[in-house]
Amino acid sequence: MAGGLYALGIRSAARNGVAWPVRPTLAFYLLGLGSFAWVEFGFLGTWSTDLRWAFSTRVALLLFAVPSLITLGRPVALARAALSGLPAERLERILGSRFVRITGNAVFAPIVALVGFMLFLTPLAAALREQPGWEVAITVLVPTVGLLMVLPIVETSLVRTGLFITAEFLLAFVELLLDAIPGLLLRLNDVVLDHAPAITGVLPGWFPGALHDQHLSGDFLWFIAEIADIPVLIILFVRWMRTDRREAKKMDELSDEEMERLTQRHLRRQ
């Protein structure tokens, strides 16, 4: 469905006189949808029901890696090029809505990641891992939540102040610490936390025991959560440089009299 909508977007953009570049198209199909297929149809998707570390790694990649790679295809920019009239206005209203602003700031991501990953420390993790209905929900909902976190940051057209981006920087560094908590707790606990029954039947020789499986889950979860924060920090740094350059240019364009009045107003407020 996503691949078909993207192809329709390219066709509609061409009708509007916009020739969509090849590079983001390849990035969307090969890296974005390709990574989703690799996670869902490969080893992680096959063993997600039986292995704790395959399940937690799959969820982490669907939340962080797959949405980040999908954004390389610039789907929001394509939608803007493909839509016109009322649909384009509705798209801009959605992108400018309070909901999208909340999901696209640096506060939402650490809270969602922390709450979601803390479920791996409870018996609910076994239910999510073993129930087919939850498997389908995870396949659809987790990448969608990841896109809600990543797309507004990457393709936002909102003008941010330097103070706002500085606050986002601080929260992103806090996220580095918060995301490590679930992985560390899984790794350091010597008790199987999800209380899932032991798997019976003939198992491969490499199949880990329940406790070792949990420790591997913690290792991979910690690693992926920390690595996933690096692109966000880079994006925030680039946005901060652009905002600082824009604000400095505005200050340079002020005359001496305007600068003096601005300084006096600031001092009076103090």
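Where is His212 found? I began with this residue, and in the predicted model I find His212 in helix H13. At 45% relative accessibility, I count His212 as partly exposed, since the partly exposed class covers what is neither under 20% nor over 50%. I then looked along the chain for a distant partner and noted that the C-alpha atoms of His212 and Arg52 are separated by 9.6 Å, although these two residues are 160 apart along the chain.

**Entry: the chain as a whole**

I counted the elements next, and the protein chain has 14 helices and zero strands, so that the order from the N terminus on is written with α throughout, as α-α-α-α-α-α-α-α-α-α-α-α-α-α. Of the 270 residues in the protein chain, I find that buried residues make up 37%. When I restricted the contacts to residues at least 6 apart in sequence, 80% of them turned out to join residues at least 24 apart.

**Entry: the largest nonpolar core**

Which residues touch the most other members of the largest nonpolar core? I find that they are Phe117, Phe120 and Ile138, in a core of 38 residues. The elements that give two or more residues to this core are H1 (2-15), H2 (22-41), H4 (52-70), H5 (75-82), H8 (108-118), H9 (124-130), H10 (132-155) and H13 (210-252). Helix H4 gives the most, with 11 residues.

I followed Ile138 further and, leaving aside its neighbours within four places in sequence, I list its contacts as Phe55, Arg58, Val59, Leu62, Leu128 and Pro143.

**Entry: Ser56**

I turned to Ser56, which is found in helix H4, and asked myself whether it is buried or exposed. With a relative accessible area of 1%, Ser56 is buried, the cut-off for that class being under 20%. A polar atom of the Ser56 side chain lies 3.3 Å from the backbone oxygen of Trp53. Beyond the neighbours within four places in sequence, Ser56 is in contact with Phe120, Ser217 and Leu221; of these, I had already met Phe120 among the core residues that touch the most other members.

**Entry: two helix pairs**

How do H1 and H2 run relative to each other? Their axes come within 11 Å and cross at roughly 175 degrees, and because an angle over 145 degrees counts as roughly antiparallel, I record H1 and H2 as roughly antiparallel to each other. On the H1 side the contact is made by Ala2, Gly3, Tyr6, Ala7 and Ile10, and on the H2 side by Pro24, Thr25, Phe28, Tyr29 and Leu33. I sorted the residues of this contact by class and obtained eight nonpolar, two polar and no charged.

For H2 and H4, I find that the axes come within 9 Å and cross at roughly 170 degrees, and therefore I record this pair, too, as roughly antiparallel. The H2 residues that make the contact are Ala27, Phe28, Leu31, Gly32, Ser35, Phe36, Trp38, Val39 and Glu40, while H4 brings Arg58, Leu61, Leu62, Val66, Leu69 and Ile70. By class, the contact of H2 with H4 has 11 nonpolar, two polar and two charged residues. I note that Phe28 takes part in the contact of H2 with H1 and also in the contact of H2 with H4.

**Entry: the loop between H12 and H13**

I looked up Asp194, which lies in the loop between helix H12 (180-188) and H13, and with a relative accessible area of 6% I find it buried. Which side chain does Asp194 meet in a polar contact of 3.1 Å? I find that the partner is Arg129. Not counting residues up to four places away in sequence, Asp194 touches Arg52, Thr122, Pro123, Ala125, Ala126 and Arg129.

His195 is found in the loop between H12 and H13 as well, but with a relative accessible area of 58% I record His195 as exposed, whereas Asp194 is buried.

**Entry: positive phi values**

Most residues other than glycine have a negative phi, and with that in mind I wrote down two positive values. Phi of His195 is near 55 degrees, and phi of Arg74 is near 50 degrees. I place Arg74 in the loop between H4 and H5, where, at 39% relative accessibility, Arg74 counts as partly exposed.

Terms used. Residues are numbered from 1 along each chain as its sequence is written. This is a predicted model: local features need pLDDT of at least 70, side-chain atom pairs count only at pLDDT 80 or more; totals for chains, interfaces and linings use all residues. Side-chain values use heavy atoms; hydrogens and water are left out. A nonpolar core is a set of buried Ala, Val, Leu, Ile, Met, Phe, Trp, Tyr and Cys residues joined through side-chain atoms within 4.5 Å. Buried means under 20% relative accessible area, exposed over 50%, partly exposed in between (1.4 Å probe, protein chains only). Helices (H or I, at least four residues) and strands (E, at least two) are DSSP runs, numbered from the N terminus. Contact means heavy atoms within 4.5 Å. Axes are lines fitted to C-alpha atoms, for helices over the stretch in contact, and angles run from 0 to 180 degrees between N-to-C directions. Angles under 35 degrees count as roughly parallel, over 145 as roughly antiparallel, 65 to 115 as roughly perpendicular and the rest as oblique. Ala, Val, Leu, Ile, Met, Phe, Trp, Tyr, Cys and Pro count as nonpolar, Asp, Glu, Lys and Arg as charged, and the others, Gly among them, as polar. A polar contact is a pair of N or O atoms within 3.5 Å; within protein, one must be able to donate a hydrogen and the other to accept it, and residues adjacent in sequence count only if both atoms are side-chain atoms.
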